[in-house]
Amino acid sequence: MNDRQLIREAYQEALKGYREGGLPIGAVLADAAGMVVARGHNLRVQTGDPTAHAEVVCLRNAGRRRDWPKLTLVSSLSPCVMCTGTALLYRIPRVLVGENKNFLGAEDLFRARGVALSVLQEADCIALMERFVREKPDLWNEDIGL
């Protein structure tokens, strides 16, 4: 899959979260050939687990691996500092982001560590998050700590 297709996969995960009543943030993990090896969406609301962000759920779903430094993390939204730290811990060298207009995560940490970061500003990712923030501002503010 190319980068746009991978972002679409993360967006589909975000839609799952939204339809379940949770936050519309999705992530996938791809190997060097562009094949999705794991997926996840934000489950914080559904499970009551404050660490169940999309990227963390995705990495949990990937299980034990030895090829982390050959993988690409793809997220529909700019990763927060917790998710960024998790990706850095496993030495994931490349991150694709659907959008950072609604939330600018810890992108500076990725860049400081030499991670190849691309923000695609995908219209569907932007629109879904804008819709969610408009519909459920209290839930959004709870998640981002406001």
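1. A salt bridge is counted here when a side-chain nitrogen of Lys or Arg lies within 4 Å of a carboxyl oxygen of Asp or Glu. In this predicted model, the count under that rule comes to 12 salt bridges.

2. Lys16 and Glu13 meet through their side chains in one such bridge, with an N to O distance of 3.2 Å. The two residues stand 3 residues apart in helix 1, so about one helical turn separates them. Glu13 is buried at a relative accessible area of 4%, whereas Lys16, at 40%, is partly exposed.

3. Arg8 pairs with Asp124, and the closest N and O atoms of this salt bridge are 2.4 Å apart. Because Arg8 belongs to helix 1 (residues 3-19) and Asp124 to helix 6, the contact ties together parts that are 116 residues apart in sequence. Arg8 is partly exposed, with a relative accessible area of 29%, and Asp124 is partly exposed at 32%.

4. Asp49 and Arg60 form a further salt bridge at 3.6 Å, N to O. Asp49 sits in the loop between helix 2 (44-47) and helix 3 (54-62), while Arg60 is in helix 3, so the pair links parts 11 residues apart in sequence. Through shared partners, salt bridges also join Arg4, Arg8, Glu122 and Asp124 into one network.

5. On the backbone, most residues other than glycine have a negative phi. Arg91, which is not a glycine, nevertheless has a positive phi of about 55 degrees; this residue lies in the loop between helix 4 (81-89) and strand 4 (94-97) and is exposed at 55% relative accessibility. Gln121 likewise has a positive phi, near 50 degrees, and is found in the loop between strand 5 (116-119) and helix 6 (123-135), where Gln121 is partly exposed at 31%.

Note on methods:
Residues numbered from 1 in each chain as written. Predicted model: local features only at pLDDT ≥ 70, side-chain atom pairs only at ≥ 80, totals over all residues. Heavy atoms only, no water. Helix = DSSP H or I, 4+ residues; strand = E, 2+ residues; numbered from the N terminus. Buried < 20%, exposed > 50% of the residue type's maximum accessible area, 1.4 Å probe, protein only.
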